[in-house]
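Please look over the sequence and the model below. The report after them covers the overall make-up first and then selected regions.

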Amino acid sequence: MGCRCSKLRLCCWGSHFKSTVLEPPDLENGGKNDRGPSSAAAVPGFGEFRLEELREATVGFSADRIVSEHGEKAPNVVYQGTLDNGRHIAVKRFNKSAWPDTRQFLEEARAVGQLRSERLANLIGCCFEGDERLLVAEFMPNETLAKHLFHWDNQPMKWAMRLRVALYLAQALEYCGSRGRALYHDLNAYRVLFDQAFVLRTYEEQQDGKSYSTNLAFTPPEYMRTGRVTPESVVYSFGTLLLDLLSGKHIPPSHALDLIRGKNFLMLMDSCLEGHFSTDDGTELVRLASRCLQYEPRERPSAKSMVIALTALQKETEVPSYELMNIPRGHPSSIQQLSLTPLGEACSRLDLTAIHEILEKIGYKDDEGIANEFIDGGTMISPTVFARRCLSYLMNDKPQEALGDAMQAQVVSPEWPTAYYLQAAALFGLGMDTDAQETLKDGTLLEAKKNRRN
């Protein structure tokens, strides 16, 4: 999922909620230098969504909206979506056989939905209609830890950032454990994401303590013996993540432990880090990884002790994560830069004169004929009506009203790029730059898709 400015989060797995909406508890674990726009107060309570709502939010579960690592081939596909209120969401659509018991699905979703932390990509809702089972979470736009650690483009992740990632992960585990949700389903670098401020987040997901889908070489020994995941199992998985951070590669624990026992741990270290870390710090992190990977679960450290150990190792604590990642705050990185159309460019600058001129020349033509369609005996209002009034609101410094009309234009014509561009302009006017950038991306991709069809 993209790369803009970064916090790291573990991933926790409307626009009218039903009456079962739950109020959000206070968010925890927020770092003072890593509080991004998606702060505690911005996270809504957990609620139930209608299937039609999520269908509209994902443009009919379009393949263009898939953000799963394995695309449509993933057993449970994750889509990026946008709700009517402009909030960007991640929607996980489960395989139809995954949750046959509706009650169990709802109970598990509600339990996870009570968790609220700045170290989690918080679950904000679910949907269960017929045999459909979907989860809705905060959208994390800046890719996975795996992307930035294993498949980086411009530079490897700095040592100070790796230490911060380890601490944030440990804090997420401690928080979930303190709330009685100690079990993670297959914790790995692909389930760890960066939000718009490049703060680490992790998805906590519903599971029954029995599932573990990772490569057997990375599976906790007790799972191999009993087929069950325990609270100590996630500590083992955390140990494999520490190996990832140390080496910059996904090394099997058995191989890494052989190097550690032979006191050849420097061979384990990422060669890109040479000269950028002290031997003492490297030794401490290797020692912690070794403890996490103990064969006997009872010999592994607690999440609390991991947080204490990692806190002592932190470097450059006053530097925000996006700076450690060398990403300019508020600007898209090379991963997500798009070639904007003239209208998209004008909306990104909130250049109202240019927007008006472009719309008068070409922007209103895309919806020609819609006003002549009839629905239930009445004439459908053309999206142009909403678009013109939206621009009028923007010119009169009323971005909230403008956003409402731009969204109405999208409802009438879901595949009209101009509706997305105007939403972006209104969001920029409201100071919601991150959401505006995502909406610009949506409009640009939609227009490109439309041009390919033509």
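What follows is a short tour of one sheet, two helices and a few single residues.

## Overall make-up

This is a predicted model. The protein has 16 helices and eleven strands. It comprises 454 residues, and 55% of them count as buried. The exposed surface comes to about 19,700 Å². Carbon and sulfur atoms supply 50% of that surface.

## The five-stranded sheet

Start with the open sheet. Five strands make it up, in the order β2-β6-β7-β4-β3. The pairing is mixed. At the edges sit β2 (47-48) and β3 (77-82), and each of them pairs on one side only.

Take the β2 side. Strand β2 runs parallel to β6 (residues 123-129), and two bridges join them. In that pairing, Gly-47 has Gly-125 of β6 as its bridge partner. A helix also packs on the sheet: α2 (residues 102-113) touches β2, β6 and β7 (132-138). The direction of α2 makes about 170° with that of β6.

Now the β3 side. Strands β3 and β4 form a hairpin, with five residues between them. In the turn, Gly-86 has a positive phi of about 90°. Across the hairpin, Gln-80 stands opposite Ala-90 in β4. Strand β4 also pairs with β7, and there Val-91 stands opposite Val-136.

The table sets out three strand pairings of this sheet.

| Strand pair | Sense | Bridges |
|---|---|---|
| β2 and β6 | parallel | two bridges |
| β3 and β4 | antiparallel | six bridges |
| β4 and β7 | antiparallel | five bridges |

How many residues of strand β4 (residues 88-93) are buried? Five of the six are, so β4 is largely enclosed by the rest of the structure.

## Helix α7

Helix α7 spans residues 253-261. Its buried residues are Pro-253, Ala-256, Leu-257, Leu-259 and Ile-260. Viewed down the axis of α7, these buried residues fall within an arc of 160°, so they line one face of the helix. What do the buried residues of α7 pack against? Their partners are α6 (231-247) and α8 (279-292). Just after α7 comes Lys-263, which takes a positive phi of about 55°.

## Asn-188 in a loop

Asn-188 sits in the loop between α4 (159-178) and β8 (192-194). Is Asn-188 buried or exposed? The cut-off for buried is under 20% relative accessible area. Asn-188 has 14% relative accessibility, so it counts as buried. A polar atom of the Asn-188 side chain lies 2.8 Å from the backbone nitrogen of Tyr-190.

## Pro-221 in helix α5

Pro-221 belongs to helix α5 (residues 221-226). Its relative accessible area is 13%, so Pro-221 is buried too. Which residues does Pro-221 touch, leaving out those up to four places away in sequence? They are Tyr-236, Tyr-295 and Arg-300. Pro-297 is 76 residues from Pro-221 in sequence. In space, the two prolines are 8.7 Å apart, C-alpha to C-alpha.

## In brief

The sheet is open, with β2 and β3 at its edges. Strand β4 pairs with β3 over six bridges and with β7 over five. Helix α2 packs on this sheet. Elsewhere, the buried face of α7 packs against α6 and α8. Asn-188 is a buried loop residue, and Pro-221 is a buried residue of α5.

Notes:
Residues are numbered from 1 along each chain as its sequence is written. This is a predicted model: local features need pLDDT of at least 70, side-chain atom pairs count only at pLDDT 80 or more; totals for chains, interfaces and linings use all residues. Side-chain values use heavy atoms; hydrogens and water are left out. Helices (H or I, at least four residues) and strands (E, at least two) are DSSP runs, numbered from the N terminus. Buried means under 20% relative accessible area, exposed over 50%, partly exposed in between (1.4 Å probe, protein chains only). Accessible areas come from the Shrake-Rupley method with a 1.4 Å probe; for residues, only the protein chains shown count as cover. The arc is that of the directions from the helix axis to the C-beta atoms. Contact means heavy atoms within 4.5 Å. Two strands pair if DSSP finds at least two bridges between them. Axes are lines fitted to C-alpha atoms, for helices over the stretch in contact, and angles run from 0 to 180 degrees between N-to-C directions. A polar contact is a pair of N or O atoms within 3.5 Å; within protein, one must be able to donate a hydrogen and the other to accept it, and residues adjacent in sequence count only if both atoms are side-chain atoms.
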